[in-house]
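Trainee: Before we go through the assignments, could you take me from each label back to the value and the cut-off behind it?
Mentor: Gladly; let us have the model in view and then begin with the terms.

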Amino acid sequence: QSISERLWRSWYREIEKNQSPFVLTSCSKFYSSLVDQLQASLRRPNRLPEHLDGLKHSLQLALVALGDVARYQQNRLQKGESRDWSAARAYYQRALEVAPSSGKVYNQMGLLAVLEGKLVDGAYLYARSLVCESPFGNSSNLLHVLQRGRTADKQLQAQQQVSGSPSCEAMEAYSARVLSCLRMLLTGKDSKSDWGEALKRSLAALGHLLDVCDQQDESMPIDGSLLEKLSSLLTHAVCLTIVLTHSTQHVIEEKLSRESFDEAFKAGAGSERTQKALEAGNVMVSCVLLKLVALLSASAESTRTKYFANALLPAVNVYLDWLQLHQKLLLKLNPGAAALQEHCIALFHTLSANGFIERGLCCARKWDDDLSSAVLPEDREMNGFLPYEKALLARFPEELTPEKNSSRQLTEEERLVLRATRFMTLSERFVFSGKPPTPISCMESGSSKITQLASSGAIATTIVDPFAIDPVLNGRLCVLCSNTSTFAEGVCEFCGYEDEDCDVDTVSDDGGDSLNHPSWIQQYDLAYNNNNSSPGTSPASPQSPPVRRGSSTSSSSPQSTPPMSPPGKLEIDFKTIMAIGADNDDFQDGLTASKDQRRLIVVDAPNVAMRHGKGKVFSCAGIELAVNYFQALGHRVVAFIPDYMLQSDDERAEREEQGEVLTAAKIPDDVALLERLVHKGVLIPTPPQDYDDSYSIQYAGLHDGYVVTNDLFRDHIVNMVGPRERKVAMRAWLRAHQISYSWVRNEFLPNPNFRCEVACT
């Protein structure tokens, strides 16, 4: 025992003998006065660092003493009287804010949780007391709580509980079963068959708990306290698993440095106990991921779904953050690792399809392009947790003080976007590993082969609008061109693909279709059909042109004079076919420019580069190919790109050392080529803190130009200031001035059906 612990135990024995109201009140007044004096001393300027450390340590001890006194006061109540531990907990919480890595404080808070019957919370807090910079006690308290969970699990098995229990009973059942599993990890005394059965019961209880919490009526108010308890339970269960996984590598109650935790598992998860602990964490998080996919696929924009997802994501992100610190644990040979990665991929695609990438961009701009400054509740809770400390330091290089981020409160929507963005960043390595995801319907969990839960049945993904702010923004992915289209009248506005799900074909065979075409096209159709209906020409002849819907194959008058001279046979040359009618003033053939039809083409450089690199590489060659394509057609071309894309390798390395996460979208593969394009005046750098898409849209709008991109600029429209009509008008302008495209290897293909509305002179 440390000196501090020995002094505390000595004082506790003295105070335990005489807990009279007078003594406790005197102690409370003394420590309250001491806390006020210490806080006043801390506020004085020009304190030396060693003096500040001493004052903080004294302040924490005084706050812990106040919490103990408040707890003793409640202990004096008679049996059967209701006890209120909120005052003691408040003092302990304040002590944690002073020094978040003190084992004694967690030990005291664990005692309160156990007194309230919150066994998982108690076990978690006792575990936290063992993995601090100043650990307190030993694992006996933790083992005692885990044993109570095992006893409760046995009672549940004897009762033969059935599904359909209320949420509180489902929560108690899962708590007992997960603690029973974790006890096996800590003691290592149970057989392999007992472990497999216990893990199955735990996973089944978790699936049942998630289903019960999700079965509430949509019309009922959101039970915020229930979701808060669920989030806390899952996060604490994940942290317990992390601690017990580390306990297979070293003695956790000993005073260890953070580096000792960081360097664990360098040889992989070799021992049987480590394999079991890893399996428990992997299948637990896989189950939560499965539920998230089902929720977001069914109704991503539901308010209840957002609250539920906000309750589930913290546990997932904490576990993945910790896994990233130990690369050997990510190997698919480890139990449950392959299934975990497949479920991460499934949720990544679900979030992407529901627009969370765009939402992340909007959220980043609100935080001045620095999401790292946004502190989530789980960040504060993980502060001082040594197994997780390295991940926290990478995200927040500065100390997480209570004052940090106090001026900016996160809304529920912003929390969801930030958590989803973190998850997608953590899962990116799985998504782009080159292996396609396996179907969600099969769920393996290592050696246990856990049966898939009822909630993990066939999941039909429904793509919904990612912002749901304005009806004009609604859309779905087109399976042909991969753009998000509104499918007005059942047709994609980008490529003309007819959606099979929409039955809007009102064209009849009696000529109604021809009313929608210009008069010159109707005349041309009539002349063409008349010519091919002349005597001697068989309608079924291979030389006959296909009959248009709404056109008659018979001549209305053999003696009539055709309005124009149609060809005598079907043209088989594609370019010749496309030139038919091009001399008419009402027809503009795509993007080919004559001398009086030169247009400004603004290339969305990052969008074109990433599409050319198939989403994995920022291909600078793609920008040059797109620019050359439109210049060859006679247009004036410019492209905009963020200034930081032109940074050298050393500058990017420096950004990474500062904690910035550089994804593929931020690392160009040929900076020299970009510099050449800048020198030619084609590529225009934008300030790094600005939104480059705004420059593209603004410049194209001011010069009557067109933007080459597959981005629908939802975030630009959403963040526009002004009435709804302004957003509607901007969306309409973008549709008319946006040129979508595709790539066939190095061949650039703009949308063949795009037509410029007005030629620039």
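Mentor: Buried means under 20% relative accessible area, exposed over 50%, and partly exposed in between; please keep in mind that this is a predicted model.

Trainee: Why is Phe748 called buried?
Mentor: Its relative accessibility is 4%, and because the limit for buried is under 20%, Phe748 counts as buried.

Trainee: What makes Tyr629 partly exposed?
Mentor: Tyr629 has a relative accessible area of 29%, and since partly exposed covers the values between 20% and 50%, that is the label for Tyr629.

Trainee: Why is the aromatic pair of Tyr629 and Phe748 called edge-to-face?
Mentor: The ring centres are 5.3 Å apart and the planes make 65 degrees; a pair needs centres within 6.5 Å, and planes over 60 degrees apart count as edge-to-face, so both conditions are met. Tyr629 belongs to helix α22 (residues 620–632) and Phe748 to strand β9 (residues 747–750), so the pair ties together parts that are 119 residues apart in sequence. Ring pairs also link these two with Phe630, Tyr741 and Trp743 into a cluster.

Trainee: How do you know that Thr350 is buried?
Mentor: Thr350, found in helix α14 (residues 337–353), has a relative accessible area of 5%, and because buried means under 20%, the label follows for Thr350. Leaving out residues up to four places away in sequence, Thr350 touches Val293, Leu296 and Ser297.

Note on methods
Residues numbered from 1 in each chain as written. Predicted model: local features only at pLDDT ≥ 70, side-chain atom pairs only at ≥ 80, totals over all residues. Heavy atoms only, no water. Phe/Tyr/Trp six-rings, centres within 6.5 Å; stacked < 30°, edge-to-face > 60°. Helix = DSSP H or I, 4+ residues; strand = E, 2+ residues; numbered from the N terminus. Buried < 20%, exposed > 50% of the residue type's maximum accessible area, 1.4 Å probe, protein only. Contact = heavy atoms within 4.5 Å.
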